[in-house]
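Got the viewer open and a cartoon on screen? Keep the selection box handy, and we'll walk through a handful of stops.

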Amino acid sequence: MSGGFPEVRPRRLRSSAAVRRLVAETTLEPRQLILPMFVREDAREPIPIRSMPGVVQHTRDTARKAVAEAAQLGLGGVMLFGVPSSKDPVGSGALDPEGILNVAIRDAVSEVGDSLLVMSDLCLDEFTSHGHCGVLDSKGRVDNDATLKIYAEMGVAQATAGAHVVGPSGMMDGQVGVVRSALDAAGFVDTVILAYAVKYASAFFGPFREAVDSSLTGDRKTYQQDNANSRDAIREVDLDIAEGADIVMVKPALAYLDIIRQVRDHVNVPVAAYNISGEYAMIEAAAANGWLNREATILETLTAIRRAGADTILTYWATEAAAHLLTR
């Protein structure tokens with residue numbers, strides 16, 4: 001203190017937008033954002049998702065336009081999910097070269113080539129009539145090892161369709177290893193694996209189930225992680241990296257910022273986080289009621305996920321956020 005006043009004034013570094021920009025510790029850029037997209041088989045027009053205002057199930061044509069826009073804005077990539085018109089117990093549509101997801105991958109790659117990473121969700125839940133992420137055994141339980149065989153084929157099918165990145169998301173033990181082996185054996189040694197290494201059985205997934213027309217009854221607590229645990233997350237990450245994961249992901253993001261930080265501090269590979277449907281929906285609902293500033297809240301939310309340690313964020317706001325960032 002000098003003359004009764006402080007000599008050290010941290011507020012100096014907050015005194016103007018220019019100063020704040022100069023000393024900002026965390027950046028948020030379009031290249032760090034990935035847009036999840038739903039493409040519906042046989043859709044003639046985009047179908048709004050009621051619980052996710054502003055998000056739609058795309059037609060093939062509108063999906064191509066959205067992918068082109070993502071590339072123009074400089075996003076890091078798009079993550080594609082297929083919504084088939086029919087399902088069966090083993091999710092056979094996931095392996096069909098003419099199935100909606102593989103067709104959507106081909107459409108996206110033909111639209112943008114290598115100028116944007118085309119990523120694909122590698123899981124059976126959108127394709128199975130029971131809605132689980134794997135096939136079921138005679139007692140109705142998810143059969144881990146039988147599911148792995150399908151995941152291996154699914155990875156090759158998606159890479160054959162042109163996917164630059166595949167995202168095993170079913171939380172089956174050993175999923176990364178079998179997909180990596182299958183990709184390498186088929187000659188897809190450069191195909192990146194973005195492993196959903198840390199995926200919690202979360203209540204925040206609710207709107208996503210509408211987005212993919214999920215047939216699930218019950219829950220996925222026998223294979224997705226318990227939200228009371230954090231050490232388990234590090235174990236899963238270590239296993240996935242040992243099996244060949246190139247990027248590891250934490251999902252959800254906002255209720256698991258501590259997990260993102262723990263994973264970031266623990267590993268030397270890129271870390272992604274998925275800002276999921278329920279997180280999106282609650283902010284959209286509050287904004288619609290006039291309870292908060294929508295744009296400011298979106299950017300603050302994404303910055304928080306980056307600050308926690310995520311190198312890359314999957315978010316339904318990716319396109320909108322990128323447009324805001326480019327005009328700031």
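Start by selecting every cysteine sulfur and looking for bridges: a search of the whole structure turns up 0 disulfides. Bear in mind as you go that this is a predicted model.

The pair to zoom in on is Cys123 and Cys133. Cys123 is in no disulfide, and the nearest cysteine sulfur, that of Cys133, sits 3.4 Å away. Why doesn't the sulfur of Cys133 bond to the one in Cys123? At 3.4 Å, the closest cysteine sulfur is too far for a bond, since the cut-off for a disulfide is a pair of sulfurs within 2.5 Å. Switch on a surface and see what happens to the two residues: Cys123 is buried, with a relative accessible area of 0%, and Cys133 counts as buried at 0% relative accessibility too.

**Next stop: helix 11**

Select residues 318-327, which is helix 11. Colour Ala318, Thr319, Ala321, Ala322 and Leu325, which are buried. Now look down the axis: these residues cover an arc of only 165°, which puts them on the same side of helix 11. So what lies over them? The cover includes strand 1 (33-40), helix 2 (60-73), helix 10 (294-308) and strand 10 (312-315).

Keep helix 11 on screen and add helix 10. How do the two pack? Their axes are 11 Å apart and meet at an angle of about 100°, so helix 10 and helix 11 are roughly perpendicular to each other. To see the contact itself, show side chains for Arg294, Glu295, Ile298, Leu299 and Leu302 on helix 10, then Glu320, Ala321, His324 and Leu325 on helix 11. By type, the residues of this contact divide into 5 nonpolar, 1 polar and 3 charged. Ala321 and Leu325 do appear in both selections: they are among the buried residues of helix 11 and also part of its contact with helix 10.

**Over to helix 2**

Helix 2 was part of the cover on helix 11, and Ala66 is a residue to pick in helix 2. Is Ala66 buried or exposed? At 11% relative accessibility, Ala66 counts as buried. Leaving aside neighbours within four places in sequence, Ala66 is in contact with Met37 and His58. Then draw a distance from Ala66 to Ala108: the two are 42 residues apart along the chain, and their C-alpha atoms are separated by 9.2 Å.

**A look at helix 9**

Jump to helix 9 (residues 277-288) and click on Ile283. Ile283 is buried, with a relative accessible area of 7%. Setting aside neighbours within four places in sequence, Ile283 touches Leu292, Thr297, Thr301 and Trp317. Another distance to draw runs from Ile283 to Asn293: 10 residues apart in sequence, 9.6 Å apart in space, C-alpha to C-alpha.

**Helix 5 and its surroundings**

Now select helix 5 (175-185). Its buried residues are Gln175, Val176, Gly177, Val179, Arg180, Ala182 and Leu183. Show what covers them, and you'll pick up strand 5 (117-122), helix 4 (144-161), strand 6, strand 7 (192-199) and helix 7 (231-243), among others.

Val178 is also in helix 5, but Val178 is partly exposed, with a relative accessible area of 26%. Beyond neighbours within four places in sequence, Val178 is in contact with Leu148 and Ala152. For a long line across the screen, connect Val178 to Arg11: 167 residues apart in sequence and 53 Å apart in space, C-alpha to C-alpha.

Just after helix 5, check the backbone of Gly187, which takes a positive phi of about 90°.

**Backbone oddities to finish**

Stay close to this part of the chain for Met171, in the loop between strand 6 (165-168) and helix 5. Met171 has a positive phi of about 60° although it is not a glycine, and Met171 is buried at a relative accessible area of 6%.

Asp42 is another non-glycine with a positive phi, this one about 65°. You'll find Asp42 in the loop between strand 1 and strand 2 (47-48), and Asp42 counts as exposed at 63% relative accessibility.

For the last click, select Lys251 and Pro252. A cis peptide bond joins them, with omega about 0°. Pro252 lies in the loop between strand 8 (247-251) and helix 8 (257-266).

How values were computed. Residues numbered from 1 in each chain as written. Predicted model: local features only at pLDDT ≥ 70, side-chain atom pairs only at ≥ 80, totals over all residues. Heavy atoms only, no water. Buried < 20%, exposed > 50% of the residue type's maximum accessible area, 1.4 Å probe, protein only. Helix = DSSP H or I, 4+ residues; strand = E, 2+ residues; numbered from the N terminus. Arc of directions from axis to C-beta. Contact = heavy atoms within 4.5 Å. Axes fitted to C-alpha atoms, helices over the stretch in contact; angles between N-to-C directions. Parallel < 35°, antiparallel > 145°, perpendicular 65-115°, else oblique. Nonpolar A, V, L, I, M, F, W, Y, C, P; charged D, E, K, R; others polar.
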